[in-house]
Amino acid sequence: MTSSKRNDIITSKRTARETALAAASTYDAVSHVSPDVKHVLLISGKPSPATEIVKRIGAGEWTATQVLEAYIARAAHAQSTTNCLTEILFEDARRQATELDQEYAATKKLRGPLHGVPMSFKDQFEITGYDATTGFTHWSNQPCTENAFLVTQCRAAGAIIIAKTNVPQTMFAFECNNPLWGRTVNPWNDKYTCGGSSEAALLAMDGSALGVGSDIGGSLRIPAAYCGIYSLRPSVDRASGHGARGCRPGFEAVRVSYGPMARSVEDCDLFCRTIFGEVDPSHRVVPVPYRPVDLPKKLKFGYYFSDFLVRSSPATVRAVQETVDALRKAGHECVEFSTPLPANAMEVFVALVSSDGYRKMLSYLQDDPQEESLFLSTLGTKLPGFVRNLICWVVKTFFRDNVFPRFFSLAKTKTVLEFCEFTEKRNKVVDAWYKEVWDEHNFDGIIAPVQALPVIPHGACAYLSGLAAATVLYNIIDSPTGIIPVTRVDANLDRLAADFKPGETGGSTLFEKRMYQNGEQTVYKPDGMAGMPVGVQIVGRRWDDEKVLAMMRVVDEALGPRSFGPGSWEMRDKLVG
């Protein structure tokens with residue numbers, strides 16, 4: 001494909017998006033919340049969660065059309081602010097809303113548990129009549145002929161899909177940028193990224209009531225934390241990936257999880273109640289419906305402040321500590337613990353995902369230029385062995401860093417034998433985690449940092465991709481993991497200690513210097529990050545997805561009222577410094 005043709009395709013796709021967006025009315029806080037539309041977007045001054053939307057429509061107080069028009073306007077506003085949307089489904093959504101309203105008027109019954117809920121899907125999910133480009137120019141203008149199974153499930157339950165959302169190039173980075181659709185910015189501060197899925201940006205601005213994403217290294221969790229929303233990474237195969245495109249077909253060593261992103265724990269729970277248990281055409285989904293759980297009055301949580309690869313920022317440490325303090329105040333037991341296993345998990349992850357030298361993944365770029373966010377992740381596999389070894393020696397010798405070389409040395413093409421050996425090491429890490437953490441301590445759940453930094457500026461993923469280790473751990477172990485927004489960066493409380501020294505506590509000197517002491521290029525700047533969300537991971541044992549949701553509710557209630565959830569973005573100017 002010539003450069004001229006590629007640019008023509010990009011222009012054509014973006015123009016078509018703008019044309020479709022023009023069908024939205026301008027969001028107006030008066031017209032979309034006034035009594036004549038029965039406060040469609042607001043309840044007690046705040047936008048309604050998905051659960052409330054279904055309840056109000058079922059009571060005959062709202063119609064699906066009223067709700068839809070409010071969210072269409074809000075989604076268009078989110079797009080103009082963050083560049084979060086790809087394919088626009090507004091006209092199809094309006095037809096679906098009309099059908100739902102006619103059906104309800106005739107029967108007085110809801111179609112299903114998601115009746116009238118405006119939803120969005122990560123761009124990789126196939127929807128009949130629309131492209132699933134996942135940011136690749138050469139996948140443009142090839143409308144899908146079938147729906148992904150999750151799309152079918154949600155529509156059968158009454159959901160109305162209004163748009164698809166942006167992704168990182170190859171979906172293997174935690175910055176959302178690609179040549180076709182461009183860069184998505186954080187809704188709280190456009191100097192920072194939204195993370196590896198723009199679903200989070202759309203939901204943070206109330207442009208969707210419920211979103212669906214995927215996670216192979218943190219893409220359900222990191223964006224949720226960066227944007228101050230909720231999410232759940234279910235155990236693999238609790239939700240279907242049938243009809244969701246990816247860049248690693250056939251790669252089974254680290255499998256993708258599919259799950260909800262939302263503005264409340266209740267909405268994550270609603271998704272799981274609706275989706276879990278229905279077998280898809282590939283028969284890979286575990287045929288176990290949602291199982292309600294009764295938690296003991298006193299729970300036992302383990303917690304830690306760092307993933308032991310890099311030292312966590314003061315904001316991240318405070319988020320974990322505030323969560324622990326709130327749980328203890330509510331009568332729960334919290335025990336700090338330490339284990340070297342996160343580093344072992346990261347070793348296995350790097351070794352396995354780089355086993356083909358990223359040839360398959362990068363082959364999908366074709367004529368698109370590679371985004372800078374993939375620089376460090378893919379660098380090792382592109383170098384001759386002696387150069388890679390030399391870099392490791394230099395970093396060890398002159399930077400006194402034994403952590404970075406440990407992982408960088410593994411980023412190389414593997415033989416089948418080596419691949420099998422690392423797969424066995426993965427299984428041993430999982431066994432060790434259950435024996436040394438779950439079984440030894442008998443935890444109900446774990447409170448963990450989402451990442452060492454609360455958020456990163458655009459471009460930082462190029463050199464700090466290793467920060468994903470904090471989330472990668474639970475992909476290797478395959479633990480159901482939820483995200484709860486806890487607090488916001490405070491420029492006064494979250495300053496780095498004056499005597500801080502990179503690598504002093506055993507983390508990567510190279511990473512920590514770039515993160516905390518790199519002059520004007522320093523990434524962690526509490527003054528610039530003031531007001532940005534900081535969250536935590538709530539982790540459970542494999543298949544305990546319902547228990548994780550219940551524990552998320554316990555944590556959310558223990559933390560009490562905070563500046564998150566529906567309507568919180570309206571306070572941006574007051575919250576963000």
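Is Y304 buried or exposed? In this predicted model, Y304 counts as buried, because its relative accessibility is 4% and the cut-off for buried is under 20%. Y304 also belongs to an aromatic cluster, and that makes a handy starting point for a tour of the rings, the sheet and two of the helices.

**The sheet**

- Let's begin with the strands: 11 of them form an open sheet with mixed pairing, in the order β3-β5-β4-β8-β10-β9-β14-β15-β13-β11-β12.
- At the edges are β3 (85–88) and β12 (333–336), each of which pairs on one side only.
- From one strand to the next, the twist averages 30°.
- Strands β8 (residues 210–215) and β10 (residues 257–262) run antiparallel and are joined by five bridges.
- If you would like to find this pairing in the structure, look for G213, whose bridge partner in β10 is G259.

**Helices across the strands**

- Helix α8 (residues 265–275) lies across β8, β10, β9 (230–233) and β14 (481–488), and its direction is at about 140° to β10.
- Helix α15 (residues 416–441) lies across a further set of strands, namely β11 (300–303), β13 (445–449) and β15 (533–539).
- The angle between α15 and β13 is about 120°.

**Aromatic pairs**

- Searching the whole structure turns up 19 aromatic pairs.
- One of them is F136 with W139: the ring centres are 5.2 Å apart and the planes meet at 90°, so this pair is edge-to-face.
- F136 is buried, with a relative accessible area of 0%, and W139 is buried too, at 13%.
- Y304 and F308 form a tilted pair, with 6.0 Å from centre to centre and 35° between the planes.
- Within that pair, Y304 is buried, whereas F308 is partly exposed, with a relative accessible area of 32%.
- Both rings belong to one aromatic cluster made up of Y304, F308, F337, W433, F443 and Y474.

**Charges over rings**

- W139 has a charged companion as well as an aromatic one: R245 lies over the face of W139, at 5.3 Å from the ring centre.
- Elsewhere, the charged end of R514 sits over the ring of Y463, at 4.3 Å from the centre of that ring.

Definitions and conventions
Residues numbered from 1 in each chain as written. Predicted model: local features only at pLDDT ≥ 70, side-chain atom pairs only at ≥ 80, totals over all residues. Heavy atoms only, no water. Pairing = 2+ DSSP bridges. Helix = DSSP H or I, 4+ residues; strand = E, 2+ residues; numbered from the N terminus. Axes fitted to C-alpha atoms, helices over the stretch in contact; angles between N-to-C directions. Contact = heavy atoms within 4.5 Å. Phe/Tyr/Trp six-rings, centres within 6.5 Å; stacked < 30°, edge-to-face > 60°. Buried < 20%, exposed > 50% of the residue type's maximum accessible area, 1.4 Å probe, protein only. Lys NZ or Arg CZ within 6 Å of the ring centre and 35° of its normal.
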